[in-house]
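This report describes selected features of the structure shown below. It begins with the cysteines and then turns to strands, a helix and loops.

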Amino acid sequence: MTMQKVTRIKKIAVVTGANRGLGFETCRQLAQQDIKVILTSRDQAKGQAAAEKLQAEKLDVKYYPLDVTNTDSIQHLAEFICNEFGYLDILVNNAGILLDYLDNPDRSIFNVKVDTLRQTIETNVYGSLQLSQTLIPLMQVHNYGRIVNVSSKHGQLSANMNSTQFPIYGVSKTALNALTILFANTLKNTNILVNSVNPGWVKTDMGGPNAINTINEGVDSIVWVATLPDGGPTGKFFQERNLIPW
């Protein structure tokens with residue numbers, strides 16, 4: 001992939017796991033800010049339908065297939081962006097899975113299955129790692145980037161490791177938060193900002209109908225961090241636009 005400096009016509013964003021829920025609404029709200037959004041998902045039929053729904057709202061959204069657990073799929077996305085636009089401004093690492101309900105019904109750390117943990121880490125951590133590694137060079141073209149890692153309160157070492165509610169999910173989100181800090185520190189002398197966001201307990205397929213936050217409330221901080229001004233915070237963890245401890 002050869003990087004060439006090209007004129008930035010408008011900001012370009014990639015949102016993963018975006019055919020529904022938080023990812024879908026993030027695409028909508030970014031596009032409403034005159035940002036061209038690449039909506040990605042593993043399920044092509046659902047992803048294309050989601051993009052078409054936003055296109056019907058006169059929003060600049062394009063679908064591209066992406067399996068965050070597949071290195072070739074990530075590379076294909078990067079090559080598409082490089083060839084089509086030559087740069088990238090925003091990456092929202094939203095794709096994630098929660099498998100504690102399936103393989104660990106009593107949610108005890110004693111009963112965690114390594115294969116389930118491995119599968120969760122592959123999506124929730126390795127996917128974000130490889131996407132960041134592969135797409136950051138496209139942000140360096142104009143020395144501008146905003147990376148949002150969609151995390152969870154279950155990844156907070158300081159507040160929630162006394163809870164055994166979702167041990168597998170919690171380990172993956174703690175690792176994702178560590179990636180946030182590592183990338184932010186590596187990029188600290190640039191205009192590429194990397195932060196984690198806890199959207200809260202949101203009424204999505206994952207959060208369920210009893211969740212306390214609407215999708216709009218969950219997405220608010222994600223979009224805010226994705227559009228931070230130059231000189232904004234980096235290497236931080238946010239909820240409801242407020243700084244929270246790791």
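Cys27 is buried, with a relative accessible area of 0%; buried means under 20% relative accessible area, exposed over 50%, and partly exposed in between (1.4 Å probe, protein chains only). Cys82 also counts as buried, at 12% relative accessibility. The whole structure contains zero disulfides, a disulfide being a pair of cysteine sulfur atoms within 2.5 Å.

The model is predicted: local features need pLDDT of at least 70, side-chain atom pairs count only at pLDDT 80 or more, and totals for chains, interfaces and linings use all residues. Residues are numbered from 1 along each chain as its sequence is written, and side-chain values use heavy atoms, with hydrogens and water left out.

Helices (H or I, at least four residues) and strands (E, at least two) are DSSP runs, numbered from the N terminus. In strand β5 (145-150), six of six residues are buried. Gly145, Ile147 and Asn149 lie on one side, and Arg146, Val148 and Val150 on the other, so that both faces are covered. In a regular strand the side chains alternate between the two faces of the sheet.

Two strands pair if DSSP finds at least two bridges between them. β5 pairs in the parallel sense with β4 over four bridges, and Val148 is the bridge partner of Val92. The pairing of β5 with β6 is likewise parallel, over six bridges, with Ile147 opposite Val194 in β6.

Helix α7 (residues 215-226) has 12 residues and an expected span of 16 Å, which agrees with the 16 Å between its end C-alpha atoms; the expected span is 1.5 Å times one less than the number of residues. Its buried residues include Gly218, Ser221, Ile222 and Val225. Among the elements that cover the buried residues of α7 are α1 (21-31), β5 and β6 (192-197), where contact means heavy atoms within 4.5 Å.

Three loop residues are compared by accessibility.

| Residue | Relative accessible area | State |
|---|---|---|
| Gln156 | 7% | buried |
| Asp34 | 53% | exposed |
| Glu240 | 55% | exposed |

Gln156 is in the loop between β5 and α6 (167-186), and a polar atom of its side chain lies 2.8 Å from the backbone oxygen of Pro245. Asp34, between α1 and β2 (36-41), has a positive phi near 65°. Glu240, between β7 and β8 (242-243), has a positive phi near 50°.

Methods: Polar contact = N/O pair within 3.5 Å; in protein donor to acceptor, adjacent residues only side chain to side chain.
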